[in-house]
Amino acid sequence: MYDIIIIGAGAAGLAAAVEAIFIKPDIRILILEKNSKSGRKLSASGNGKCNLTNSYFASDCYLSNNTLFVENFIDNNSPSEVVSFFEKCGIMVYEKGGYYYPLSDMAKQVTSKLLKICSINGVTIEYDKCATDIKAVDGGNKYIVKSDDTQYESRIVIIAAGSSSYPGLGGSDSGYDLIKRMNIDMTPVYPVLIPIYVDDDKLSIAQGVRISADITIDTGEDVICERGQIQINKDNLSGIAIMNISCYLPAMKRGIYKDCISVDYCPYMSWDELKEYIIKQCDNIINDNVISALEGVFPNKFARYLLTKLNINPNTDTKKITEKQINRLTSNIKRMRYTPIEKFDNDKSQASLGGVDLNEIAMNTYESKKYKGLYIVGEMLDITGKCGGYNLTFAFISGINAACDSVKHL
Ligand SMILES: Cc1cc2nc3c(=O)[nH]c(=O)nc-3n(C[C@H](O)[C@H](O)[C@H](O)COP(=O)(O)OP(=O)(O)OC[C@H]3O[C@@H](n4cnc5c(N)ncnc54)[C@H](O)[C@@H]3O)c2cc1C
């Protein structure tokens, strides 16, 4: 019989195990991990550098169907908890532009340190063991967790099974299946933090271009704007700001997709300033054709894309360009509209929107309201962070808080 069984050796599960050890070093913990490796997403996070948390911490960093839960999470927690947890783990962090990383700049080393703490302190990790069933027995004083043909007993269960996003790094529905079997409510789940595929057959002309922009989505109910660098790909737009905007697509009604995204490709100039700039460049003897007039501000490939999209020959003599064409150019640079193609790409999704209904969970402790001694933490809950370390922050803090509360039952 174990004190705690943790399902999933990802960011939340490992943080829960380590925090429980800090509080009660002689605790008996079993972690069941369905993959042959632990912490695969944690090890891949932040382009391998692990963006652990962020100094900006506010409710607009998270999306959920339960805004009260999010506000309570923000009011009662802070990024400094993540920093001090890692300091306790012997991992020092540094901050750059608000983003926190381990000093080693190595996500894999963060995972291996957490695993090392577990192994030194007697935590058992069973790999290739997928938890398939959880039963509360003895009035909720004991749990039986089944995996294939084996069954395990414990006083406490912490489910930290993650989401279905990024199956290449082990994402699956397996945690949700456990939840549904226990009659715990879920909200619909969608892959988010993904590139946005758009209906634009000229986009490939600008493939590979990175450009700073303001991206706006009109959801029909809200207008949300994000500033950042866009990466233009063959058939999609990507980059942090686009990935954040992708969080608003699932909630939209099908009919209003048309032109719902607009991009200002020149946010540092007003419409008038940009028009004046283009006119000046066309009048200047240094430019012979319209594409060279745009090259002072935009990458050549992007200028070519823009002109082709507007049916303006890039080689048009600067003297022959009409005011009407300059107005169209200016308007499209300042407000290029795109219709997203409804392609929710789970393969590249860095997180899931939706999950375990937060009404099922006690705020701050993450204990199930239906099952005493059962905790649910991390990405499988209906709380999704934007890019910038917010998903790991939630995974760590929820794991840590569940561990703190659960040891009180022992
Ligand atoms: C490519 C990529 C980059 C990212 N970069 C960042 C970043 O820089 N900053 C940030 O904040 N977030 C980032 N994220 C998101 C972040 O990694 C996740 O939100 C976080 O890892 C979620 O932690 P978790 O413990 O809840 O789930 P996971 O890390 O997914 O862990 C869940 C674990 O449970 C196991 N499991 C599932 N079902 C079962 C079962 N039935 N039985 C046993 N085991 C089970 C899984 O195999 C997995 O190991 C990134 C995600 C991806 C995919």
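**Exercise 1.** Is Phe73 buried or exposed?

*Solution.* The model is predicted, so local features need pLDDT of at least 70 and side-chain atom pairs count only at pLDDT 80 or more, while totals for chains, interfaces and linings use all residues. Residues are numbered from 1 along each chain as its sequence is written, and side-chain values use heavy atoms, with hydrogens and water left out.

Step 1. Buried means under 20% relative accessible area, exposed over 50%, and partly exposed in between, with a 1.4 Å probe and protein chains only.
Step 2. The relative accessible area of Phe73 is 1%, so Phe73 is buried.

**Exercise 2.** Identify the aromatic pairs that Tyr390 and Phe394 form with Tyr62 and Phe73.

*Solution.*
Step 1. Rings of Phe, Tyr and Trp (its six-membered ring) pair if their centres lie within 6.5 Å; planes under 30 degrees apart count as stacked, over 60 as edge-to-face and the rest as tilted.
Step 2. The whole structure holds 14 aromatic pairs. In one of them, the ring centres of Tyr62 and Tyr390 are 5.8 Å apart and the planes stand at 80°, so this pair is edge-to-face.
Step 3. Helices (H or I, at least four residues) and strands (E, at least two) are DSSP runs, numbered from the N terminus. Tyr62 belongs to strand β4 (residues 62-63) and Tyr390 to helix α12 (residues 390-406), so the pair ties together parts 328 residues apart in sequence.
Step 4. Tyr62 is buried at 6% relative accessible area, and Tyr390 is buried at 5%.
Step 5. Phe73 and Phe394 also form an edge-to-face pair, with 5.0 Å from centre to centre and 75° between the planes. Phe73 is in helix α3 (residues 67-76) and Phe394 in helix α12, 321 residues apart. With 2% relative accessibility, Phe394 is buried.
Step 6. Ring pairs link these four residues with Phe57, Phe69 and Tyr366 into a cluster.

**Exercise 3.** Describe the open sheet of 6 strands and the helices that pack on it.

*Solution.*
Step 1. Two strands pair if DSSP finds at least two bridges between them.
Step 2. The strand order is β12-β15-β14-β13-β16-β17, and the pairing is antiparallel. At the edges are β12 (196-197) and β17 (336-338), each of which pairs on one side only.
Step 3. Strand β13 (residues 210-218) runs antiparallel to strand β16 (residues 261-264), joined by 4 bridges. The bridge partner of Ile215 in β16 is Val263.
Step 4. Axes are lines fitted to C-alpha atoms, for helices over the stretch in contact, and angles run from 0 to 180 degrees between N-to-C directions. Contact means heavy atoms within 4.5 Å.
Step 5. Helix α10 lies across β13, β14 (223-232) and β17, at about 75° to β17. Helix α11 (residues 323-334) touches β16 and β17, and its direction makes about 110° with that of β16.

**Exercise 4.** Characterise the surroundings of Lys301.

*Solution.*
Step 1. Lys301 is located in helix α10 (residues 300-309). Its relative accessibility is 40%, so Lys301 counts as partly exposed.
Step 2. Apart from neighbours within four places in sequence, Lys301 is in contact with Ile205, Ala206, Gln207 and Val209.
Step 3. The side chain of Lys301 reaches the backbone oxygen of Gln207 at 2.5 Å.
Step 4. Between Lys301 and Ile31 there are 51 Å in space, C-alpha to C-alpha, and the two are 270 residues apart in sequence.

Terms used
A polar contact is a pair of N or O atoms within 3.5 Å; within protein, one must be able to donate a hydrogen and the other to accept it, and residues adjacent in sequence count only if both atoms are side-chain atoms.
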